[in-house]
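Here is a short tour for anyone who likes to read a structure contact by contact. Have the coordinates open while you follow along.

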Amino acid sequence: AFPVLSVLIRAYAYLMARYDFDGYRLDTVKYVDAAMIETFGNAMREFALSIGKRNFFTFGEIYDREDVVARFVGRNGGDGYGIDAALDFPLFFALPGVAKGMTDVSELKAVFDERKKQERELLSSHGEAGRYFVSFLDNHDQHQRIQHPETPETQVTLALTLLFTLQGIPSLYYGTEQGL
């Protein structure tokens, strides 16, 4: 019924098998029909299982506030969106500024307080939220990277420390990893 989706599923299954990928990042998830994301995500998981990958991981870009992201995660995410997690844009909106000393650290607490509020009906515990959010400091869509030439090394170190210790699944942008 959806020939383009069928081609995408076959192409990404081939890439998974050929290059041993462990997961996919799905761009602009909130703008794609939920049934399409669900079909794609389920097809990727089923194919992954068929080739022995038990923990294939998909996460989506949902560039928005906590209340919008909440529609895609937890019990909501498991019941119709076909992705395992979402990029943590609410945390991203605060984290680089806090690490660079431009935003008060209370903003981090505010992010997690809002998450508790939005997720209270979706998750069994606040700790459970960590498996539904992929945290990051920068990526290809951002105009400024955490590793900006004028950013002091201590701020980059603090930002990376926060990335790897705060709740969520840390994702290090390849540009930051390479010092670009």
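In this predicted model, the side chains of Lys53 and Asp20 form a salt bridge, with 2.7 Å from N to O. The two partners come from distant parts of the chain, 33 residues apart: Lys53 belongs to the loop between α2 (34–50) and β2 (57–60), and Asp20 to the loop between α1 (3–19) and β1. Are the two ends of this bridge buried or exposed? Lys53 is buried, at a relative accessible area of 13%, because the cut-off for buried is under 20%. Asp20, at 51%, is exposed, since that label applies over 50%.

The count of salt bridges comes to 13. Three of them are set out here, with their N to O distances.

| Salt bridge | N to O distance |
|---|---|
| Lys53 – Asp20 | 2.7 Å |
| Arg65 – Asp64 | 3.4 Å |
| Arg115 – Glu66 | 2.8 Å |

In the Arg65 pair, the partner Asp64 is buried, with a relative accessible area of 14%. As for Arg115 and Glu66, whose side chains meet in a salt bridge, the first sits in helix α7 (residues 106–119) and the second in helix α3 (residues 66–69), so the contact ties together parts that are 49 residues apart in sequence. Arg115 and Glu66 are both buried. Salt bridges also link Arg25, Asp27, Glu61 and Asp141 into a network.

Next comes the sheet. Five strands make up an open sheet in the order β1-β2-β3-β4-β5, and their pairing is parallel. Which strands stand at the edges? They are β1 (23–26) and β5 (169–170); each has a single partner strand, so one side of each is left without a neighbour in the sheet. As background, strands of a sheet pair through backbone hydrogen bonds, either parallel or antiparallel. Further in, strand β3 (residues 85–87) runs parallel to strand β4 (residues 133–135), and two bridges join them. At this pairing, Leu87 has Val134 of β4 standing opposite.

Helix α8 (residues 153–165) invites a quick geometry check. With 13 residues at 1.5 Å a residue, the helix should span 18 Å, and its end C-alpha atoms are indeed 18 Å apart, so the two values agree. Which residues of α8 are buried? They are Val156, Ala159, Leu162 and Leu163. These buried residues cover an arc of only 125° around the axis, and therefore lie on the same side of α8. A general point helps here: an α-helix has 3.6 residues a turn, so residues three or four places apart point the same way. The other side of α8 carries the exposed residues Glu153, Thr154 and Thr165.

Between β4 and α8 there is a loop that holds Asn139. Asn139 is buried, with a relative accessible area of 7%. How far apart are Asn139 and Tyr173 in sequence and in space? They are separated by 34 residues along the sequence, while the C-alpha to C-alpha distance is 5.5 Å.

Finally, a look at the surface. Val4, Leu8 and Tyr12 make a nonpolar surface patch of about 270 Å². One of these residues, Val4, has its place in helix α1. Val4 counts as exposed because its relative accessibility is 61%, and the cut-off for exposed is over 50%.

Methods:
Residues numbered from 1 in each chain as written. Predicted model: local features only at pLDDT ≥ 70, side-chain atom pairs only at ≥ 80, totals over all residues. Heavy atoms only, no water. Pairing = 2+ DSSP bridges. Helix = DSSP H or I, 4+ residues; strand = E, 2+ residues; numbered from the N terminus. Salt bridge = Lys/Arg side-chain N within 4 Å of Asp/Glu carboxyl O. Buried < 20%, exposed > 50% of the residue type's maximum accessible area, 1.4 Å probe, protein only. Patch = residues over 30% accessible without salt bridge, like charges linked within 9 Å, V, L, I, M, F, W, Y side chains within 5 Å. Areas by Shrake-Rupley, 256 points an atom, 1.4 Å probe, with all protein chains shown as cover. Expected span 1.5 Å × (residues − 1). Arc of directions from axis to C-beta.
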